[in-house]
Amino acid sequence: MGLSPGEVNHWLFPLDPENNGIAIRWRKTATDEMKLRLYGRMLETLGTYEERAGLCKRPEEMDQTTLYAPIWPTVNTHLGHLGVAAYSHQELIEQLGMLRYGHRPRVGDTFCGGGSIPSRRRA
């Protein structure tokens with residue numbers, strides 16, 4: 001941008017901090033609710049779904065521990081009477097398998113990501 005230190009030019013959002021030579025971080029007192037509200041306000045300024053989706057990550061691109069962390073207290077409360085205390089999908093499957101079958105179940109994906117959904121044809 002050619003600005004000297006301490007000089008500010010106008011910026012448009014969403015910001016590209018790498019090209020502006022600035023560091024952006026949340027203030028220490030910012031809660032998750034505050035961040036979500038701000039993200040929501042920013043997304044409202046985008047005109048199309050494609051613009052919004054272009055800023056998002058797919059679930060498989062996210063850190064799985066962070067992505068699913070909020071669900072485990074509810075899952076464990078719901079299944080707590082069975083002795084389930086899981087904090088990942090693998091733990092949940094293993095614990096439910098032990099309860100039902102007495103061992104960890106083996107799962108085979110016969111379609112291996114082919115995208116096919118088997119259907120039963122009726123005559």
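Among the contacts in the protein chain that join residues at least 6 apart in sequence, 2% link residues at least 24 apart. The model in which these contacts were counted is a predicted one. The protein chain holds six helices and zero strands, and its elements, read along the sequence, follow the pattern α-α-α-α-α-α. Of its 123 residues, 9% count as buried, and its accessible surface comes to about 11400 Å², with 55% of that area belonging to carbon and sulfur atoms.

A good place to begin is the interior. In soluble globular proteins, nonpolar side chains tend to be buried together. Here the largest nonpolar core is made of six residues, namely Trp72, Val75, Leu79, Val84, Ala86 and Leu92. Helix H5, which spans residues 72-79, supplies the largest share of this core, with three residues.

How, then, are the buried residues of H5 arranged around the helix? Those that count as buried in H5 are Trp72, Val75, Asn76 and Leu79. Viewed down the axis of H5, these buried residues fall within an arc of 95°, and therefore they line one face of the helix. A general rule of helix geometry is useful here: an α-helix has 3.6 residues a turn, so residues three or four places apart point the same way. On the face of H5 that is turned away from its buried side sit the exposed residues Thr74, Thr77 and His78. The cover over the buried residues of H5 includes helix H4, residues 64-68, and H6.

Two members of the core show how this part of the chain is held in contact. Trp72, once its neighbours within four places in sequence are set aside, is in contact with Ala86, Tyr87, Ser88, His89 and Leu92. Ala86, for its part, lies in the loop between H5 and helix H6, the latter covering residues 89-101. Ala86 has a relative accessible area of 0%, and because the cut-off for burial is under 20%, this residue counts as buried. Not counting residues up to four places away in sequence, Ala86 touches Trp72, Asn76, Glu91, Leu92 and Gln95. Ala86 and Leu96, which are ten residues apart in sequence, have C-alpha atoms 9.7 Å apart in space.

From H5 the account can turn to H4, one of the elements that cover its buried residues. Leu67 is found in helix H4, and with a relative accessible area of 31% this leucine is partly exposed. Leaving out residues up to four places away in sequence, Leu67 touches Pro59 and Met62.

The surface offers two further features. One is a nonpolar patch of about 420 Å², made by Trp26, Leu36, Leu38 and Tyr39. Within this group, Leu38 has its place in helix H2, residues 32-44, and its relative accessible area of 43% makes it partly exposed.

The other feature concerns charge. Side chains of opposite charge can pair when their charged atoms come close. In this model the count comes to one salt bridge, which Glu60 forms with Arg58, the closest N and O atoms being 2.4 Å apart. Is this pair buried or exposed? Glu60 counts as exposed at 52% relative accessibility, and Arg58 is likewise exposed, with a relative accessible area of 52%.

How values were computed: Residues numbered from 1 in each chain as written. Predicted model: local features only at pLDDT ≥ 70, side-chain atom pairs only at ≥ 80, totals over all residues. Heavy atoms only, no water. Core = buried A, V, L, I, M, F, W, Y, C linked by side-chain atoms within 4.5 Å. Buried < 20%, exposed > 50% of the residue type's maximum accessible area, 1.4 Å probe, protein only. Helix = DSSP H or I, 4+ residues; strand = E, 2+ residues; numbered from the N terminus. Contact = heavy atoms within 4.5 Å. Patch = residues over 30% accessible without salt bridge, like charges linked within 9 Å, V, L, I, M, F, W, Y side chains within 5 Å. Areas by Shrake-Rupley, 256 points an atom, 1.4 Å probe, with all protein chains shown as cover. Salt bridge = Lys/Arg side-chain N within 4 Å of Asp/Glu carboxyl O. Arc of directions from axis to C-beta.
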